[in-house]
Amino acid sequence: LHPGDLMAVVARPGHGKSSFMAYMAKREADAIVKRGKLGKEAVVYVSWEQPVEEIEAFFQSGDAYTSSDMAWGRVPLDTIKKRSIKRINLPIWTIGHSLRHANVKKPRMTVDVVYQAIEAMHAEYGITPTLVCLDYLQIVKTDSGGDRLTQVTDATFAAKELAMRVGVPIIAG
């Protein structure tokens with residue numbers, strides 16, 4: 001993948017698109033740490049389908065245990081605490097909706113909103129993204145209206161434009 005590239009991962013539901021993108025995000029985050037760029041570079045993982053708490057649980061669990069094990073209470077609290085410290089040093093920023101404010105009306109999350117968040121991340125914290133993962137691109141709302149095929153096509157064009165504007169590769173599921 002090169003800056004400005006858009007890679008589409010297309011498969012039926014439940015066939016591992018999100019897992020593949022999370023793997024790629026973790027791999028790039030580990031490379032950022034290895035390059036000594038922690039605090040300067042990060043991966044941006046955006047989900048339109050999963051709440052950010054689920055995504056965070058996945059990144060925290062890593063290879064020590066599954067996020068399901070954590071959710072079911074099968075992981076000792078000390079292990080979770082240790083993994084939480086490791087997660088802090090994993091440069092992956094998540095963008096999406098939270099379950100914490102489930103009853104609060106949320107703004108519509110569009111590709112433009114993601115771009116604004118990336119701009120703010122750079123302006124406020126000096127973090128430059130090196131990879132962006134867009135999960136569940138097929139449910140991104142666009143202003144064009146039209147049928148489902150038109151919506152997905154427009155969201156794909158918007159994702160490619162985002163890759164060019166930010167200057168990083170994007171993986172879209």
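At 3% relative accessibility, Phe-59 falls under the 20% cut-off, so this ring counts as buried. That value, like everything below, comes from a predicted model. Phe-59 is a handy way in, since the tour goes from its aromatic cluster to helix α2, then to the strands and the nonpolar cores, and ends with a few single residues worth a look.

**Aromatic rings**

- How many aromatic pairs are there? The count comes to three.
- One of them joins Tyr-45 and Phe-59: the ring centres sit 5.6 Å apart and the planes meet at 80°, which is over 60 degrees and so makes the pair edge-to-face.
- Tyr-45 belongs to strand β2 and Phe-59 to helix α2 (residues 52–61), so this pair ties together parts that are 14 residues apart in sequence.
- Tyr-45 and Phe-59 are both buried.
- Phe-59 also pairs with Phe-58, with ring centres 5.9 Å apart and planes at 75°, so that pair is edge-to-face too.
- Is Phe-58 buried or partly exposed? Its relative accessibility is 36%, between the 20% and 50% cut-offs, so Phe-58 counts as partly exposed.
- Put together, the ring pairs make a cluster of Tyr-45, Phe-58 and Phe-59.
- For a charge over a ring, look at Arg-165: it lies over the face of Tyr-115, 3.6 Å from the ring centre.

**Helix α2 and what it packs on**

- The buried residues in α2 are Val-52, Ile-55, Ala-57, Phe-59, Gln-60 and Ser-61.
- Which elements do they pack against? The list reads α1 (17–35), β2, α3 (67–71), α4 (77–88) and β3 (92–95).
- Just after α2 comes Gly-62, with a positive phi of about 55°.

**Strands**

- β2 and β4 run parallel and are joined by seven bridges.
- One place to spot this pairing is Val-44, whose bridge partner in β4 is Val-132.
- On to β5: β4 pairs with β5 in the parallel sense as well, over three bridges.
- Here Leu-134 has Ala-172 in β5 as its bridge partner.
- β4 is mostly covered, with seven of its eight residues buried.
- When you scan along these strands, keep one general point in mind: side chains in a regular strand alternate between the two faces of the sheet.

**Nonpolar cores**

- The largest nonpolar core has 23 residues, and Val-46 and Leu-134 touch the most other members.
- Who supplies this core? β2, α5 (111–125), β4, α6 and β5 (170–172) each give at least two residues.
- α5 provides the largest share, five residues.
- Beyond four places in sequence, Leu-134 touches Met-21, Val-46, Trp-48, Ala-159, Leu-162, Ile-170, Ile-171, Ala-172 and Gly-173.
- There's also a second, separate core of 16 residues, and Val-9, Ala-29, Cys-133 and Ile-171 are among them.

**Glu-41 in β2**

- Glu-41 lies in strand β2 (residues 41–47).
- Is this acidic side chain's residue, Glu-41, buried or exposed? Its relative accessible area is 17%, under the 20% cut-off, so Glu-41 is buried.
- A polar contact of 2.6 Å links the side chains of Glu-41 and Arg-35.
- Leaving out residues up to four places away in sequence, Glu-41 touches Ile-32, Arg-35, Pro-91, Ile-127, Thr-128 and Thr-130.

**Loop residues**

- Lys-106 sits in the loop between β3 and α5.
- With a relative accessible area of 30%, between the 20% and 50% cut-offs, Lys-106 is partly exposed.
- Not counting residues up to four places away in sequence, Lys-106 touches His-97, Ser-98 and His-101.
- Thr-110 is also found in the loop between β3 and α5.
- Thr-110 has a relative accessible area of 14%, which is under 20%, so Thr-110 is buried.
- Outside its neighbours within four places in sequence, Thr-110 is in contact with Trp-48 and Lys-141.
- Tyr-136 is in the loop between β4 (128–135) and α6 (148–166).
- What's odd about the backbone at Tyr-136? Its phi is positive, about 75°, although Tyr-136 is not a glycine.

How values were computed
Residues are numbered from 1 along each chain as its sequence is written. This is a predicted model: local features need pLDDT of at least 70, side-chain atom pairs count only at pLDDT 80 or more; totals for chains, interfaces and linings use all residues. Side-chain values use heavy atoms; hydrogens and water are left out. Helices (H or I, at least four residues) and strands (E, at least two) are DSSP runs, numbered from the N terminus. Buried means under 20% relative accessible area, exposed over 50%, partly exposed in between (1.4 Å probe, protein chains only). A polar contact is a pair of N or O atoms within 3.5 Å; within protein, one must be able to donate a hydrogen and the other to accept it, and residues adjacent in sequence count only if both atoms are side-chain atoms. Contact means heavy atoms within 4.5 Å. Rings of Phe, Tyr and Trp (its six-membered ring) pair if their centres lie within 6.5 Å; planes under 30 degrees apart count as stacked, over 60 as edge-to-face and the rest as tilted. A charge sits over a ring if NZ of Lys or CZ of Arg is within 6 Å of the ring centre and within 35 degrees of the ring normal. A nonpolar core is a set of buried Ala, Val, Leu, Ile, Met, Phe, Trp, Tyr and Cys residues joined through side-chain atoms within 4.5 Å. Two strands pair if DSSP finds at least two bridges between them.
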